[in-house]
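Trainee: Could you show me how to read helix packing and salt bridges in a protein model?
Mentor: Gladly! Let's look at one together.

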Amino acid sequence: MRLSSMFVPTRKEDPADAEVVSHKLLVRGGYIRMLARGIYSFLPLGWKSVRKIEAVVREEMNRAGAQEVHLPAVQPATLWKESGRWTEYGPELLRFEDRKGADFCLGPTHEEVITDIVRGEIRSYKQLPMNLYQIQTKFRDEIRPRFGLMRGREFVMKDAYSFDAGLEAAEESYQKMYDAYDRICDRLGFEYRAVEADTGAIGGSQSHEFQVLADTGEDEIVSCPECGYAANMEKAKVGVEPSERPDEDREQLSTVQTPQVRTVDELSDFLDRRADEIVKTLIYRADETMVAVLLRGDHDANELKIATVLRDELGLEVGSLELATDSEIEEVTGAPVGFAGPVGLDIAIVGDAAVEAMSNFVVGANEADAHHVDVNYGRDFDVTVFADLREARAGDPCAVCGGTLEIHRGIEVGHVFLLGDKYSKSMEANYLDTNGKAQPLQMGCYGIGITRIIAAVVEQNHDEDGMIWPLPIAPYQVLLTVLHIDDEEVMGAAESIYEQLTEAGTEVLIDDRDVGFGSKFKDADLLGIPLRITLGRRGVQNGEVEMKWRDSDEQLEVPLDEIVDRSTAEIAERLEGGS
C-alpha cells in the first residue's frame, strides 16, 4: 500500500479530551476518530489491527473447540425479563421501543440470546459439550465513557458461551477457555496477569480477569511473585501474621476524653498511639439490618468481602450494602459520627482478621468526645465472626504462601465466568441426563474486548515519539521510507524492494509522499510500524539501505541486494518468538 494514496490523517497535537497515551496516539496517528462520547470510528490503519486481533482470537477459539456464530445486536426485552436482568443490569443497558411499542435493548452481552437458541435445540447429554462464540459490536451506556477505547460505549467484543452436562464438565470447559486466553495474551506479546475477580452483573460462581499491566490501567490488581497468586483488588485475599495474646499482658479498659477527635489520624496524634493500635468501627446498613465492622486503624474496608461474609456467615440477604447515615449511626451507638465502638453495641459485630491478632487497642466509647483504651475482644465485647474484610496493599502477606503482595495497575482485556445454572435455570434451558431426567445446562461465558486490546497494546508499547506495534497485530510489518521520490534510481530501488517483499508475503507500506525528511521520520515513529527500511540517494548510490526496528535504537546499514532476505528472515524469527 502507498501512503500517498492511503487515508491516514495524522495530527501534530493531542486531542483536547484525551487523558491517556493510547487515546492521544491513536487519534494523532490517524487510527481512530471520535463520533460521539465513547463511540469511535476506525480508520484504515486502526481497522487492519482490529482484524488481526480478531484473527488471533478466532484461531485460538477454534483451536479450543468453539464454533463461531453471529447473533443479533438488538434483543427483545422478553428474554432479559426471563433472566431477571431487565431490571438488574442497570442504566448501562440501552433500552428502547420499536414502532409497535415493544421493548428492546441494544445488546451489551448475549447470555440470554444464546441460551434461548440452545434451549430450543439441545435435548440430550449426548449433544454436549457445546461452545459457541461470536465477534460482534456491543453497546453499554457507560455513565462516564473515558480513556478513548479503554472505556467506550460501543466496542467490538468476542463473547463465547459453553454448555455442559454437569458442573465437572463445565469446569473443564472453563479451563479450556482460560488456557485459550493465556495463549491469546502470549501471542499478542502482553505482560499480563490472570486474576481472580468478582462475577458482577454477569453472575456465576467464579471468574478470572486477564489484566494487561499498565500504569494507566483503571484497575488495581494484587499479585504474589513467590507463588503466582493474583486477584483484582475486590477479591484479593490477605494473609495475617499469627500473633499470640497472653491474658497476663492485657491491661484494664479505661475511658479517656477526646474532645472533637474523630478520625484515626487525629486520635493517633492525641493519644500518641500508632494507627495499627486503633480499631475503627464502621456501621453498615445491609438492606435493613445494621451491622458493625471492625478494622485496624490503618486498613481500608473491602465492601465486597464484607457483603460476602454477611451472606455466608450471618445468613443475611445483602441486596445492598451502604455505610450508615449520621442519624443512623447516632441511633445505633448513642454517639455522633467519629465515636462509635464495639463495647456495649447491640448489633452483630464482624471483625477483620487483623483485629483478631490485636490486644490493648483503642476504640470509640459510643459517647461524644470519648474513647476507650486498652480494649480486648472476648473480655470487653464479643465478635460474631472474624474474616478477611479489608483491601490488600503492597507489602501485605500473601494468604496462599505467606509471601509479600505487590500492587499493579492493569487494563482488563478479557474475563471468563463459570456461570453454572444462573441463566439456564431461570430460562428453563435443560437437557436429559443418562437417566432421562431433565437437568439445567451448566454454562460458562468468556469475553475479550477486541477494540480495548488496541488501547492496551499502545499503553504497553509506546515511547515519547509514538506507538510501537508488536509484529503480529501491526497494521503493516514494514514501512518503506523513500527520502528522494524525485530520484529515479532511488524510486526504482524502492519499487523493487516493495515488490519483492510483497511477493514474499510481507505487508509493506511505502511512504512515497512528497514531504520533508523530518515529517517522514516523525510519522514513522508516530505510526509505530515495526520495521522501517529507509532509502536515500547517497545510500542507494553506495548500494545500501538503512534498516531499523521501531523497538530498538540500533540503525543498520544493509546491502541493497540483501535487504529483502534479511528483513523477511528477521520478521519470521520475531513472529516465531511471539514479538
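We will go through a helix pair and then some salt bridges in this predicted model.

Trainee: How are two packed helices described?
Mentor: In general, one gives the angle between their axes and the distance between the axes. Here, take helix α1 (residues 21-28) and helix α12 (residues 450-460): their axes come within 8 Å and cross at roughly 105°. Angles of 65 to 115 degrees count as roughly perpendicular, so that is how α1 and α12 lie to each other.

Trainee: Which residues make the contact?
Mentor: Val21, Ser22, Leu25 and Leu26 come from α1, while α12 brings Ile454, Ala455, Val458 and Glu459. By type, the residues of this contact are 6 nonpolar, 1 polar and 1 charged.

Trainee: And how many salt bridges does the structure hold?
Mentor: There are 44. For a salt bridge, look for a side-chain nitrogen of Lys or Arg within 4 Å of a carboxyl oxygen of Asp or Glu. Lysine 138 and aspartate 159 fit, at 2.9 Å from N to O. Lysine 138 is in strand β7 and aspartate 159 in strand β8, so the pair ties together parts 21 residues apart in sequence.

Trainee: Is lysine 138 buried or exposed?
Mentor: Buried means under 20% relative accessible area. Lysine 138 has 1%, so it counts as buried, and aspartate 159, with 2%, is buried too.

Trainee: Which residues are linked in a network of salt bridges?
Mentor: Arg296, Asp298, Asp352, Arg390, Arg393 and Asp396. Within it, the closest N and O atoms of arginine 390 and aspartate 352 are 3.8 Å apart, and both of these residues are buried.

Technical notes: Residues are numbered from 1 along each chain as its sequence is written. This is a predicted model: local features need pLDDT of at least 70, side-chain atom pairs count only at pLDDT 80 or more; totals for chains, interfaces and linings use all residues. Side-chain values use heavy atoms; hydrogens and water are left out. Axes are lines fitted to C-alpha atoms, for helices over the stretch in contact, and angles run from 0 to 180 degrees between N-to-C directions. Helices (H or I, at least four residues) and strands (E, at least two) are DSSP runs, numbered from the N terminus. Angles under 35 degrees count as roughly parallel, over 145 as roughly antiparallel, 65 to 115 as roughly perpendicular and the rest as oblique. Contact means heavy atoms within 4.5 Å. Ala, Val, Leu, Ile, Met, Phe, Trp, Tyr, Cys and Pro count as nonpolar, Asp, Glu, Lys and Arg as charged, and the others, Gly among them, as polar. Buried means under 20% relative accessible area, exposed over 50%, partly exposed in between (1.4 Å probe, protein chains only).
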